[in-house]
Amino acid sequence: MIEKLNKIKEEALDEITKCMDEASINNARSKYLGKKSEFTQVMSEMGSLSNDEKKEVGKVSNEVREAINNALDNKLKEIKLEELNKRLEKDKIDITLPSNKRVPGTKHPLTIVREEIEDLFISMGYDVVDGPEVDSDENCFEKLNLPRSHPARDAQDSFYITDDMLLRPHTSSMQVRYMTSMEEKHPFKMICPGKTYRRDDDDATHSHEFSQVEGLVVGENISLSDLKGTLETLARRLFGRDREIRFRASYFPFTEPSYEVDVSCFNCGQKGCGICKGTGWIEILGCGMVHPNVLENCGFDHTKYQGFAFGVGIERVASLKYGVTNMRDYFTNDYRFLHNFNRKEM
Ligand code: DAH
């Protein structure tokens, strides 16, 4: 009997290795272990054996059954894995097909400079505010100490929508908006970046549309040295750590005293070059101490509060930083120009 069982096992294992699919595994299972199998037949004959023989045959039959079952299970697993692999192979998507090339856009140089200025002032605790490009005569001129007949208006002529509304000629209108909109007057620091417009003929250095950042600080005991320190920080952030600034007396109706600020030339180390026109200094902005009339016009007690203000042209800063010689490049959106400001990915 033991011999028979071993023979069954041998035959079964041999056949199982040849099985190719699940059906043939099922067939083999019933052929070698099923009710009508030779194995079951041998088992049914065990009744006629002695106890000792039963023990021995029983042990072998268990081993044989287990060996056949294991072989069937393992082969079935193997078959299923193979089927899965075949299916995956068939369903494979070719992801190596090259896609359409998309060139990522780039920040506009004016945006780069504006954000750099914003970041600096945010780090010094300033509010960054936004305001309308169309504003009233009152905000653009009147409350800034520039009444209707004032000759300084000529330099800032703009485009009028009505007699009282115009495209703002400078961001200084935001000084008025900011201060008049405060219900309770208290010290503050703000900058306002934005677009501005003038009745200028467009050429390499003029444009009817440009942009500025206005700065305004109002508080108690604000002095010229606060303004100087602030602008020195700005100049060094924009043009390099070793920059010096100098104040030149100037005139703006909304500040008293008023200054134009020059920065030491970053190109030639003040030896004199084309950029600084041989002077070693480059003009970058206008500024001053807020005129008492402006403070009063906007509801601030000028005996208690002082302030400083400045206005810087973003195109001017960008042109100096990046060596742009034609202002129109900022507005024509020529890819060959903008492409220079790409951040390259490596
Ligand atoms: N608004 C002036 C301009 O457009 C620039 C300016 C000068 C702004 C002095 C200021 C200032 O706030 O204090 O030319």
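**Exercise 1. Find the bridge partner of Glu260 in E8, then place E8 in its sheet.**

Solution. In E8, Gly286 is the bridge partner of Glu260. The model is predicted: local features need pLDDT of at least 70, side-chain atom pairs count only at pLDDT 80 or more, and totals for chains, interfaces and linings use all residues. Residues are numbered from 1 along each chain as its sequence is written, and side-chain values use heavy atoms, with hydrogens and water left out.

Step 1. Strand E7 (residues 255–264) pairs with E8 in the antiparallel sense over eight bridges. Strands (E, at least two residues) and helices (H or I, at least four) are DSSP runs numbered from the N terminus; two strands pair if DSSP finds at least two bridges between them.

Step 2. E8 also pairs with strand E9 (residues 306–313), antiparallel, over five bridges. Here Leu285 stands opposite Val312 in E9.

Step 3. Of the ten residues of strand E8 (residues 281–290), nine are buried. Buried means under 20% relative accessible area, exposed over 50%, and partly exposed in between (1.4 Å probe, protein chains only).

**Exercise 2. State the strand order of the open sheet and explain what is left without a neighbour at its edges.**

Solution. Step 1. The seven strands have the order E1-E4-E5-E9-E8-E7-E6, with mixed pairing.

Step 2. Strand E1 (127–128) and strand E6 (245–250) stand at the edges with a single partner strand each, so one side of each has no neighbour in the sheet.

Step 3. E1 runs parallel to strand E4 (residues 188–197), joined by two bridges. Val128 stands opposite Ile191 in E4.

**Exercise 3. Examine the backbone at Pro257, Gln270 and Lys277.**

Solution. Step 1. For reference, most residues other than glycine have a negative phi, and most peptide bonds are trans.

Step 2. The peptide bond from Glu256 to Pro257 is cis, with omega near 0°. Pro257 lies in strand E7.

Step 3. Gln270 has a positive phi, near 70°. Its place is the loop between E7 and E8, and at 37% relative accessibility Gln270 counts as partly exposed.

Step 4. Lys277 has a positive phi too, near 50°. Lys277 lies in the loop between E7 and E8 and counts as exposed, at 73% relative accessibility.

**Exercise 4. Locate Asn74 and give its distance from Met124.**

Solution. Step 1. Asn74 is found in helix H4 (residues 51–91). With a relative accessible area of 46%, Asn74 is partly exposed.

Step 2. Asn74 and Met124 are 50 residues apart in sequence, and 72 Å apart in space from C-alpha to C-alpha.
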